[in-house]
Amino acid sequence: MSHGISGSTQVGAAIVVHSLMSVRVAFFALLAFSATPWSSPPLSLSLGVAFGMLFSHPYAGAARRSSKHLLQISVVALGFAMNLHEVLRAGKSGFVYTLAGITFALVLGGVLGRLLGVPRKAAYLISVGTAICGGSAIAAVGPVADANDEEMSVSIGTVFLLNAIGLIVFPPIGHALGLTESQFGLWAALAIHDTSSVVGAGAKYGAIALTVATTVKLTRALWIVPLTLATAAVRVHLGDAHLGDDGRAGSAKKKSIAWPWFILFFLGAAVLSTYVTRAAPITSWFAKAGRVGLTITLFLIGTGMSRASLRKVGVRPLVHGVVLWIIVAVCSLAFIQSGLVSL
């Protein structure tokens, strides 16, 4: 009898070990795939979320720590894709309404988040992604706001989903409304989240639309720097009560946090890319490495999601992102068609 029990225990232990090994193999296989040209930020994040939902993470702590540092390194590397000449050229005529649009999206996002009962950090990150440049903005601001894995994953997932929809539906809407290429490029830059989809939508519409969309979006992307620094300042001087969710006494206590020095390196990378033309092959390589690093990071962030955390977050962040995006898109389109916003 004891022999049978012992045998069953050994079989059970063998199954557990085999299952754990299989999960680890799957994790590293998906991690490696995220670094290949066949992957993309949305796909990598989706694979990470699927892994987190299906399996118990074998390296949860290590993934969390690695994603934080890799995220910052990737953001710096993405700075090598910036061209300050193009940014400033577009910014001369678009500075005022760019600032107005970002402010409008952030304020409206905060109001909608409260009305819908979305956790403050998640609402703030979704608003940041909508206001500036999607996942890149969330990647920069999230660690400074001390967002956890669930908040980062839900925010980036929401923005990437809407970003993909925008790439598909914006060009047909623009043609149906009879928008000129300049008008469409401006609308895409103001209303589509991520730079890659802005470029894709502009390219579908025409050469002029592509040029306008790219330059205006680059102008908006540069606002990552002051917004990240402002977020850090708020956390230092006002505490987490303005970004946190617990509402407990003492939550507004001032915190000593690590300032986002990586944002200054991001700006330095943009300066180097713009003015040191001889380094173009090297800066181009760094920019590509940054995109790969961001894709890998999104996989790691996605694996931090689980069924329990998803139930805790709920569908409200997605509703928040959809409503905010529709309002921003409709309002920006109305201003462009009326001629109040133009290049």
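# A tour of the predicted model

Start with helix α7, residues 149-177: its 29 residues span 40 Å from the first C-alpha to the last, close to the 42 Å expected at 1.5 Å a residue. The model is predicted. Keep α7 selected and go to V169, where the helix has a kink of about 35°. The proline P171 follows shortly after that kink. Move on past the end of the helix to G178, which comes just after α7 and takes a positive phi of about 70°.

**The nonpolar cores**

Next, select L125, I132, M152 and I156. These residues touch the most other members of the largest nonpolar core, which has 39 residues. Now show only what surrounds L125. Which residues does L125 touch, leaving out those up to four places away in sequence? They are I138, V141, G142, A147, E151, M152 and S155. Another core lies apart from this one and has 22 residues. To find that second core, select W187, A201, A329 and L333, which are among its members.

**The aromatic rings**

The whole structure holds 12 aromatic pairs. Begin with F27 and F28. Their ring centres are 5.3 Å apart and their planes stand at 75°; planes over 60 degrees apart count as edge-to-face, so this pair is edge-to-face. Is each of these two residues buried or exposed? F27 is buried, at a relative accessible area of 4%, whereas F28 is partly exposed, at 46%.

Keep F27 in view and add Y59. Here the ring centres lie 5.6 Å apart with the planes at 50°, so the pair is tilted. Why does this pair tie together separate parts of the chain? F27 sits in helix α1 (residues 2-34), while Y59 is in the loop between α2 (41-54) and α3 (60-78), so the pair joins parts that are 32 residues apart in sequence. Y59 counts as partly exposed, with a relative accessibility of 26%.

Now widen the selection to F27, F28, F51, F55, Y59 and F299, which ring pairs link into a cluster.

**A threonine in α11**

For the last stop, select T228 in helix α11, which covers residues 224-238. T228 has a relative accessible area of 0%; under 20% counts as buried, so T228 is buried. Show the backbone of I224 as well: the T228 side chain reaches the backbone oxygen of I224 at 2.6 Å.

Key. Residues are numbered from 1 along each chain as its sequence is written. This is a predicted model: local features need pLDDT of at least 70, side-chain atom pairs count only at pLDDT 80 or more; totals for chains, interfaces and linings use all residues. Side-chain values use heavy atoms; hydrogens and water are left out. A nonpolar core is a set of buried Ala, Val, Leu, Ile, Met, Phe, Trp, Tyr and Cys residues joined through side-chain atoms within 4.5 Å. Buried means under 20% relative accessible area, exposed over 50%, partly exposed in between (1.4 Å probe, protein chains only). Contact means heavy atoms within 4.5 Å. Rings of Phe, Tyr and Trp (its six-membered ring) pair if their centres lie within 6.5 Å; planes under 30 degrees apart count as stacked, over 60 as edge-to-face and the rest as tilted. Helices (H or I, at least four residues) and strands (E, at least two) are DSSP runs, numbered from the N terminus. The expected span of a helix is 1.5 Å times one less than its number of residues. The bend at a residue is the angle between axes fitted to the seven residues ending there and the seven starting there. A polar contact is a pair of N or O atoms within 3.5 Å; within protein, one must be able to donate a hydrogen and the other to accept it, and residues adjacent in sequence count only if both atoms are side-chain atoms.
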